Amino acid sequence: MDQIADLLNGTQSSEQSVRTAAEQRIGELQSSYASDLTGFLIGIGASSDYSLPLRQSALLVLKHTILRKWSLQFEEFTGEPLPQRVKAQVRSQLFIILRSSERRLQALAANLVSKISSADFPDEWPELFDNLIGLMRSNDPGCVQGALAILKELLDDGFTFDQFATIASPVFDTLYRLAVSDDLSILVRAEVVDTVSVALDFFNQVDKGMNGMDSFIENSVNKWSEIFAQTMTIENSDSARSEGLFVLKHNTVKAIQRLESTFSSQSQKFVASRLFPAVWNDWPSSASAYISIFANPDSDEDLSDPEGSAQYVKLLPLEEMEFIRLCIHEKKDIRQIFKETPTMLEKIVDLAISMSQISVDNEDDYKDDPNAFITEEMSLSTKYTCRTAASDLILEASDFWSDGVIMTLTNMLISFVDRHVGTRLVESCIFLLETVLVQDRSLGTHLFSTSMLDKITQIIHSGISSEDTFLRSRSFIFAGTFGRNLKSANTGSNIADELYDIALQSACDDSGYIVRASCLMSIQRFAAAITRFRHRPTQTAIVQSVNSLIADAADDTPSLLVDTLEIAIKINPDLAILPETQIIQLLFLSAAKDASNIQLTSDTFEAFETLAEFTDQVHYQKLCETAIPPLIQGLSATPTDDELANAVLIVNLLAILVDHAPSPLPDGLVAYIFPRTANILMVSDDNQLLQYGSELLAHIIEHDPEQLRNWSDACGKSGIEVVLTIVARLLNPVIDESCAMCIGEVVSVVVDKYGRDLGELLGQLLSATAQRLDAATNPLFIQNLILVFAHMTNIDVEGVINFLSEVELENGTGLVTVIRAWLDNFDAFRGYKEIQLNISALASLYLLHDSRVEEILVRGDLIVEEATKGVIITRSRAKNQPLKYSMIPAHAKIIKLLIKELGAIPSDSNIASRAGIFATEASGGNDTEAQDDGDWEDVFNPADIGLTMSELQKLARTESYDEAYDSDDKDEVSRGDYFNEKGGDEGTNELLVKSFRSICTNERDQFRDLVATYCSPAECAILDKWRSILVQ
C-alpha cells in the first residue's frame, strides 16, 4: 500500500518527469493489476493514517479505475471486470469514508457510490438503499451528511424514474424527520432541505399520475409547506446567523420555489396561506441584515470566504425577492392581496430601494475598474445581484401597478432629497425610477405637471452637480430617460433640451470616467426624442467624449462607444466621413479593442453599414479615401494567429464598404484593396477569413468587373487570372468546406460577369464546381455551390442540362450529381433570396420536362419501419441504422418541394390574406369549394383575385411599412431599403403561386397523375387549401 501511496505522491510532484512516470505506472497497474490496485486505493482513501490530499488523490484514481474496470455499463470500460470480492470491499469501505468529518472526502465517496449504484443497484447491491436510510436515521451528523451527499448524487445521476418512484415515500419520510429534528445542527438541516429540493426536481421527470402517487404528493406538499413556513419564522438573530440560519432559510426559499413549480396545483392553496406570508414577513429582517453588511461602508464583516455564512446574507434576500416577484407574476390571489392592502406596495418599494443600493464591494470594484460599471449598466453582466433582483421585482410590480410604483418611488425620492439622506439611497431610488420609466416612454406622464416637473428637474440638477460619482452618473442616465419621455409627451417644455445640453457638455468635461460614459448612455436616450436639428452639434461632443474614454475602454465599454458613434454617424453622414471628425478612426479603434468579441464586431458592422448606406454616390469616394487606407494598413498579407481576429474584422468591413458602393466603384479602389485580398485568399487557412474574403471578392466583381479586368499584378497576371486561381484553390477538395463556404457566390458572379471571356475555361470551372459538389456534405456549402447552377438555370435551363449531362464524375454525370444534391438538400437551404432563386430554377427544370432529369431517382419520403416506431433515435443508433427513404423521379420531388414551400406561406401573408386565399378559414370553413374532395381534374381558369400583383405588392409594402416604422427614427429610416428587405418573401410567395398556376393551366392531367402517385395526404391538403386561387 505504501508503494501505491508513493505513486500517488508522485502524481502530485512539481517535477514533470516524476509526475509522468507515476501516472504511467498507475496506468499500467490499472490495466494489469486492477484488483490489487483497487484494494489499495480504497484502503488509502478510508485510512486516517494518510494525509487528506493523498486520500483525495486515491479516491480520484479509484473513480477512474472503477469506470474502466467495474461494469460493461460504463462507456470507459475495458478488459475484465473486477472480482465480486473486490467490489464488495469497495462498497463497504465507501460507507466508512462517508462517516468521515472531511466534507471533501464525503463528496468524493458519495460520487463513487452514485456511479457504482447506477450499475449495481438494485440487482448487485440490494442493500444500498437500506444502508443509506440507516445512515440518515443515525444521530451522527457526519453520517447524516454523508448519506445526504449520496442521496443527492443518486437523484442527480443514479436512480431511474421507476427506482425513484418506489423509494420516494420512505426517502421523504426520513428527510422530514431530519428536518424537524432538534438533535441536528442548523447547517445539517440546511443540507436536508437542499436534498429535498433535489428530490423535488426529480419529480419533474416522474409520472406523477402513477398508482398511489397522487395521495403521496398531496401529503408531502402539505407537510413540507408547513415546515418550510415554520422555518422562515425563526428569528434572524446574530447567534442564529452564525450557526447557519441564513443558509437554512436560503435553501428553504429555493425549496419553496421548487415545490411550487413542481406541484403547482397541489401547492396553490398553501402559497397564499403559508408560503408567501412566511417569505414576505422574513424579507424585512433579511434585507436589514444585508444592508448592515453589504451596503454599510463601516461594516467590519469578513467577506473573504466566498462560501462563508456572510454570503448567504446576500443570497437569502435575493431568493426572497425572486419568490415574491414570481408570486406577483403568476398568482392572482397574491395580486388581490396587494390590491386590498396598499401598504404592501409601499413596503416593496421601500425595501427594494434599500436592497438596490450599490454594495460596498461593487462600489470598490467600479472605482478600480470603471468598465465593470458600464457592463452592469448595459445589462451585460452575468452577475445576478440583490440590486438586479430588486429592480426585477419593481419592474414586475410596475407591470400591474405602474402608476402606484412610479408615484411611490417619486414621493420617496422627493422625501429623501428634502431630508438630506445619504447619496446611496437617493441614487438607488433614481435607479429604480429610471428602470421603470425606460421601459416605455408613455410612462410617467403624471410627473409632467408643473409643480412635479419643477421638483424632478431640481433633483436632477442637484444629482448631476453632486460630488458623488455614482449619484452624478445615475442622474445623467435618468435625465436622458426622463427627457425622452417628456419630449414624447409633447408638453412643450424645453427642460429636456436644457438637460441634453448639460449631458453633452459633461460627456466631454466631467472628470469622472464613469460619469462621461453615463453621459453617452444619456445621449443615446435623448437621441430618440430630441429633434434631428437639435443633435447635429453633438457629433463633435460625442467624438470628444469617445476620445477621452477609448484609451481605457475594455469589456463592454467599446460596444457603448460604437453604439454612440453610430448616433453621431446618423446626425450628419456627410460630415462623419471626413477624416477630421475622427468618427471612422474611432470606430475602428473601438472595434479593435476586442475584435474577437461577437457583440462588439456585430455592433461595429451595423454602425459601418449605417455609414455606407447613408453616404450618397457623390460622397462615396470621400468615404473610401477616409476608411480604406487605415483598414488596408492594418491588414497583414499573411495574418498570424494573433492578427486573425483583426484581419477578419477588417475584411468584413471592406466587404460592407464595397457591397454598398456605387457601381462602378470609385477609380483606383480595386487596385488598392484587391492585391491584399487576393493574397489572403491564396494563403490563409482560416475559415472566417476565407469566407469574408470570398464575399469581398464577389462584391468587387459584381460592382466593377471592368476595373478588375483591367488590373494586373506585378507579374502581368490579369485580374481574371488571379480570380480563377483563387477559385481553383477554394474548389480544391483539400480545402475544408467551412473555408470554401462562400465560393459559390464567387463562381456565380465570375460566370455572370466574365463568362464570355473564359472560353473553354468556363466549362472547366463549372465541371470543377460540380466535382466539388459531388463530395460535399455540409448543407450550407451544398447550397452555396447549387446557387451557381440555379443562377444559370434561370438564364438557360436547357443549356445547363446539356452541359451537365456531358460532365463525367465519379458518381455519375454532373447532371445526376447536381440534381440529387439540389433536391436532397433543399430543405436545409436558408435565405429568402436564395430560396426564391431556387424555386424559380426548380420550376424551370420541371416545366422543361427533359427526360434526362425525370429519369434521375432521388430521395422521396422517409420510410418509417415498424421496429423503429416510437423509438428515440440516438446518435449511435442513427449511425448503426441509417434512415431509409423511398426513391422517386426528380420531377416528382420538385413538385413535392414546391408544395411544401406553398404550405409554408403564412395565412397572414399579403398574397394570402389580401387576396382572400384563406377567407374560408377565417369564416369558419363554410365555403363548399374548400371542402370538396380536392379533385384536380377540374378545368383550370386563372384565378381572378381582384388585384394585380403590382397592386398587391404596393398594398403589402405600405401595410408593412406602417407597422414597422418607428416614429423615433423617422429621419434615419430608408423606406427603399426597408422595402427591399421585406418584399422578398412576398415575391417568393407570388412566384410559387404563379408557377403552380402555369403547371395547372398547361399540364392539368399530368399534374393530377403525379400528385395522385407521389404526394402524401398532407401535401394534397396543402394544394386543396390553395385550390381557390390555383383552380376555379
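**Backbone features and a buried arginine**

In this predicted model, His420 sits in the loop that runs between α20 (386–418) and α21 (423–437). The phi of His420 is near 55°, a positive value in a residue other than glycine. The side of the story told by solvent is equally clear: with a relative accessibility of 70%, His420 counts as exposed, because the cut-off for that class is over 50%.

Gln582 makes a natural companion. Its phi is also positive, at about 70°, although Gln582 is not a glycine. This residue belongs to the loop between α28 (573–576) and α29 (583–592), and its relative accessibility of 29% places it among the partly exposed residues. Most residues other than glycine have a negative phi, and most peptide bonds are trans. An exception of the second kind is found at Ser663 and Pro664, which are joined by a cis peptide bond with omega of about 5°. Pro664 lies in the loop between α32 (644–659) and α33 (669–683).

Turning to the helices, α14 (residues 264–294) invites a closer look. With 31 residues, a straight helix would reach 45 Å at 1.5 Å a residue, yet the end C-alpha atoms of α14 are only 35 Å apart. Helix α14 also has a kink of about 75°, centred on Val271.

Helix α23 (residues 469–488) contains Arg472. Arg472 counts as buried because its relative accessibility is 9%, where the limit is under 20%. Leaving aside residues up to four places away in sequence, Arg472 touches Gly463, Ile464, Ser466 and Glu467, together with Asp510, Ser511, Gly512 and Val515.

Definitions and conventions. Residues are numbered from 1 along each chain as its sequence is written. This is a predicted model: local features need pLDDT of at least 70, side-chain atom pairs count only at pLDDT 80 or more; totals for chains, interfaces and linings use all residues. Side-chain values use heavy atoms; hydrogens and water are left out. Helices (H or I, at least four residues) and strands (E, at least two) are DSSP runs, numbered from the N terminus. The expected span of a helix is 1.5 Å times one less than its number of residues. The bend at a residue is the angle between axes fitted to the seven residues ending there and the seven starting there. Buried means under 20% relative accessible area, exposed over 50%, partly exposed in between (1.4 Å probe, protein chains only). Contact means heavy atoms within 4.5 Å.
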